[in-house]
Amino acid sequence: FPFVNNPMSANFWKSSHCSVWLLEAGVVQHHEEQQAKLFDDPSSLTTVMMFFMDVIQQIVKELKFRQQVAATAMVYFRRFYLKVSLTDVDPFVMAETCVYLAVKVEECGPFSVRTITRNTPLVIRSFPCVKGLWEAAQAKDLIECEFYLVQEMDSSLIVFHPYRCLTEYAADAGVTHTVLPTAWNIVNDSYRTNASLIFPPFLTALAALLMASVMREVELSQWFSELSVSIDEITKVVQHLVDSYQHLREFNIARVEPIIHEIRRKRLL
């Protein structure tokens, strides 16, 4: 990481997040292209993945857990479906399972799987587009699915996020009150994309800070020039996020229902 005193530095580079789940962009693209073959329109994959990121966010919001739980669950979901077809495991059940596992890994205190199953009907009402397609899973379904999830992730459960280093960078640059809130939102948006599979968290944090500084018209070029990180590496992440915002703008919730029907129809073939 750019700062020697960043306590996350050594831990990340030695972690399974770095050694197993930090992937080349071409590898991620290849797996996503294979998954997209399920659909008549390949762009359906982007739409359905964004939708399930929203589902996970809403489950976590309903349970009143912090944002990092949602971020970890989203990473789990993307990791799983990078290796497993959407037709093999019901993504609604997997979304709930990812939250259940993330709550345990993030050590949010005593928690029962039935807490999720009891709250799921409330979450379902937030997504009328899938009414009748999403039924609350039973506790045994989530417990069974959890084993499958852990197995497919090679038991790599610790996820590093950009939030901590983003806060440190903003403090060092003196923009905690001006740029940080916008950068934080950009990091949140990054989880609706595949950025967490491709870029180390410190680069995502720096890219978000750069984008936010431009949006807020705060001059940080001198601060960035003093980092031990190539600006080219940062701008690669910026470009990835900028391209992703185009997909976010094009997201149409009305497309979700026919996509879910398509997944279920092909599961029965």
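Where in the structure do Lys266 and Glu262 lie, and how many residues apart are they? I began my notebook with this pair, working on a predicted model. I found both residues in helix α15, which runs over residues 256-267, and they are four residues apart, about one turn of the helix. Their side chains form a salt bridge, with 3.4 Å between the closest N and O atoms. I noted the general background that an α-helix has 3.6 residues a turn, so residues three or four places apart point the same way. I then looked up the accessibility of each partner: Lys266 is partly exposed at 24% relative accessibility, whereas Glu262 is buried at 8%.

**Entry: other salt bridges**

I searched the whole structure for such pairs and came away with 10 salt bridges. As general background, side chains of opposite charge can pair when their charged atoms come close.

I looked next at Glu106, which forms a salt bridge with Arg66, the closest N and O atoms being 3.7 Å apart. Glu106 sits in the loop between α6 (91-105) and α7 (113-124), and Arg66 in the loop between α4 (44-63) and α5 (67-83), so this pair ties together parts that lie 40 residues apart in sequence. For Glu106 I read a relative accessible area of 12%, which places it among the buried residues, while Arg66, at 42%, is partly exposed.

I then turned to Lys104 and Glu146, whose side chains meet in a salt bridge at 2.6 Å from N to O. Because Lys104 belongs to helix α6 and Glu146 to helix α8 (residues 139-152), the pair ties together parts that are 42 residues apart in sequence. Here I found Lys104 partly exposed, with a relative accessible area of 37%, and Glu146 buried, with 11%.

**Entry: helix α4 and its partner α5**

I checked the length of α4 before its surroundings: its 20 residues should span 28 Å at 1.5 Å a residue, and its end C-alpha atoms are 29 Å apart, which agrees. Of those 20 residues 15 are buried, so α4 is largely enclosed by the rest of the structure.

How do the axes of α4 and α5 cross, and within what distance do they come? I found that the two axes come within 9 Å and cross at roughly 145°, and that the crossing of α4 past α5 is right-handed. On the α4 side the contact is made by Met49, Phe52, Met53, Ile56, Gln57 and Val60, and these meet Gln67, Val69, Ala70, Ala73, Met74, Phe77 and Arg78 on the α5 side. Sorting the residues of this contact by class, I recorded 10 nonpolar, two polar and one charged.

I also picked out a single residue of α4, Thr47. Thr47 is buried, with a relative accessible area of 6%, and, once I left aside its neighbours within four places in sequence, I listed its contacts as Phe251, Asn252, Arg255, Val256 and Ile259.

**Entry: helix α7**

I compared the span of α7 with expectation as well: its 12 residues reach 17 Å from the first C-alpha to the last, close to the 16 Å expected at 1.5 Å a residue. In α7 I found Val113, Thr115, Ile116, Thr117, Asn119, Thr120, Val123 and Ile124 buried. Which helices are included in what covers these buried residues of α7? I noted α4, α6 and α8 among the covering elements.

**Entry: positive phi values**

I closed with the backbone, keeping in mind that most residues other than glycine have a negative phi. Just after α4, Lys64 takes a positive phi of about 65°, and I located Lys64 in the loop between α4 and α5. At 70% relative accessibility, Lys64 counts as exposed.

I made a second such entry for Glu217, which has a positive phi of about 55° although it is not a glycine. Glu217 lies in the loop between α12 (201-215) and α13 (221-225), and at 73% relative accessibility I entered Glu217 as exposed.

Notes
Residues numbered from 1 in each chain as written. Predicted model: local features only at pLDDT ≥ 70, side-chain atom pairs only at ≥ 80, totals over all residues. Heavy atoms only, no water. Salt bridge = Lys/Arg side-chain N within 4 Å of Asp/Glu carboxyl O. Helix = DSSP H or I, 4+ residues; strand = E, 2+ residues; numbered from the N terminus. Buried < 20%, exposed > 50% of the residue type's maximum accessible area, 1.4 Å probe, protein only. Axes fitted to C-alpha atoms, helices over the stretch in contact; angles between N-to-C directions. Left-handed = near helix turned anticlockwise from the far one by under 90°. Contact = heavy atoms within 4.5 Å. Nonpolar A, V, L, I, M, F, W, Y, C, P; charged D, E, K, R; others polar. Expected span 1.5 Å × (residues − 1).
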